[in-house]
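Me: I am new to this structure and would like a close look at a single part of it, the nonpolar core. Please start with the overall fold and then work inward.

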Amino acid sequence: MKATTDVLGPEYEAIELPMGHDAEGEVVATLVRRRGERPCRRAVLYVHGFVDYFFQRHLADFYVERGFDFYALDLRKYGRSLRPHQTPNYVDSLTEYFPEIDAAVRIVRDEDEHRVVLLNGHSTGGLVAALWADRVRGRGLVDGLFLNSPFLDINEPLPLRKLGAGLARTLRARFPKAKLPAGVSDLYPRSIHADHDGEWDFDLAWKPLEGFPVRAAWLAAVRRGQLRLHRGLDIDVPVLVMTSTRSVRPKPGVADLSSADAVLDVEHMARWAPRLGRHVTLVRIDGGVHDLVLSAKPVRDQVFTELSRWITGYLPDPAAGE
């Protein structure tokens with residue numbers, strides 16, 4: 001497949017992955033690739049969250065400096081893959097993402113000849129990555145899984161979780177794209193964007209401050225995936241789950257938006273992490289925001305220290321045997 005220069009600059013390539021058609025028309029995913037200066041046999045594949053896409057250059061820097069080639073997947077209807085005829089970020093089932101992960105891993109392993117592959121998912125991408133890894137267990141396609149603040153449960157009290165999930169199930173058959181009274185507050189993206197209170201620059205067409213609407217079928221799909229995980233997965237590779245130590249409800253004037261998870265409940269992540277598989281490491285990061293690698297520098301330095309330690313302990317290094 002033809003690679004073109006990515007929007008992030010000449011170090012990055014973008015590969016469009018045709019994914020056929022759905023009810024809205026043509027579908028594509030986009031694989032972003034950054035190779036290290038020297039050939040290597042290890043690679044990481046990053047999968048973003050909801051109202052998101054890959055823009056975190058410093059995350060790629062971290063992996064490349066440690067001997068990985070870096071790949072990121074903009075899923076269908078997100079970021080680089082979003083087309084004018086599509087409903088942003090919308091799917092009827094999380095399994096719709098599996099073919100593009102399959103295609104990306106084929107490129108990483110078969111075409112680019114990497115022997116060790118780490119799958120790194122954030123938020124909703126963490127849930128998708130976990131479900132995919134469980135589906136392909138025993139096939140040797142990935143060697144480890146790193147989940148950054150994964151979306152393992154809905155961040156509402158139990159009665160509201162049941163009410164919201166029930167409403168989504170009821171609507172999905174006849175009104176799958178019905179907008180639900182749910183979504184991410186704009187206070188969190190404002191707290192990380194360089195034009196407001198943060199230090200990160202991202203495309204506001206692909207990751208708008210006000211977010212995208214939460215659709216009935218999408219939420220129902222997420223809830224099905226979460227409940228599947230709650231019953232227990234059997235991922236057969238080491239898993240690292242990393243979360244902040246605290247969650248906070250975003251409100252105007254709340255100072256700790258920059259030092260806590262303002263999107264999901266970190267206690268949900270800690271509760272459900274053991275259901276991922278038999279070999280799960282949970283690390284809590286004091287002062288971390290929802291996307292831990294976008295935290296303040298001392299905090300993200302700790303994130304990278306913990307990730308580096310886990311990689312050293314649990315991921316194979318092909319170079320060590322050569």
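Reply:

**From the whole chain to its core**

With 322 residues, a compact globule would have a radius of gyration near 20 Å, and the protein chain of this predicted model, at 19 Å, agrees with that. The C-alpha trace extends over about 55 × 45 × 40 Å along its principal axes. Eight helices and nine strands make up the secondary structure. Among contacts with a separation of 6 or more, 74% join residues that are 24 or more positions apart.

The outside can be described briefly. The protein chain exposes about 13800 Å², and carbon and sulfur atoms supply 51% of that area. Its side chains include 43 positive and 44 negative ones, and the centres of these two sets are 7 Å apart.

Now the inside. Of the 322 residues, 58% count as buried. In soluble globular proteins, nonpolar side chains tend to be buried together. In this model the largest nonpolar core has 110 residues, and those with the most contacts inside it are Tyr63, Phe70, Trp132, Trp218 and Leu276. Helix α6, residues 216-231, gives the largest share of this core, with eight residues.

Two of the residues named above can be followed further. Leu276 touches Ala130, Leu147, Leu229, Leu233, Asp234, Ile235, Val239 and Val241, leaving aside residues up to four places away in sequence. Tyr63 belongs to helix α1, residues 57-65, where the buried residues are His58, Leu59, Ala60, Phe62, Tyr63 and Val64. Just after α1 comes Gly67, with a positive phi of about 85 degrees.

The loop ahead of α1 has a backbone feature of its own. Val51 lies in the loop between β4 (42-47) and α1. Although Val51 is not a glycine, its phi is positive, about 50 degrees. Val51 has a relative accessible area of 7%, under the 20% cut-off, and therefore counts as buried.

A second case is found further along the chain. Ser149 sits in the loop between β7 (144-148) and α4 (158-172). Ser149 is a residue other than glycine, and its phi is positive, near 50 degrees. With a relative accessible area of 0%, Ser149 is buried.

Definitions and conventions:
Residues numbered from 1 in each chain as written. Predicted model: local features only at pLDDT ≥ 70, side-chain atom pairs only at ≥ 80, totals over all residues. Heavy atoms only, no water. Helix = DSSP H or I, 4+ residues; strand = E, 2+ residues; numbered from the N terminus. Rg over C-alpha atoms; globule rule 2.2 N^0.38 Å. Buried < 20%, exposed > 50% of the residue type's maximum accessible area, 1.4 Å probe, protein only. Contact = heavy atoms within 4.5 Å. Areas by Shrake-Rupley, 256 points an atom, 1.4 Å probe, with all protein chains shown as cover. Lys, Arg positive; Asp, Glu negative; His and termini not counted. Charge placed at Lys NZ, Arg CZ, Asp CG, Glu CD. Core = buried A, V, L, I, M, F, W, Y, C linked by side-chain atoms within 4.5 Å.
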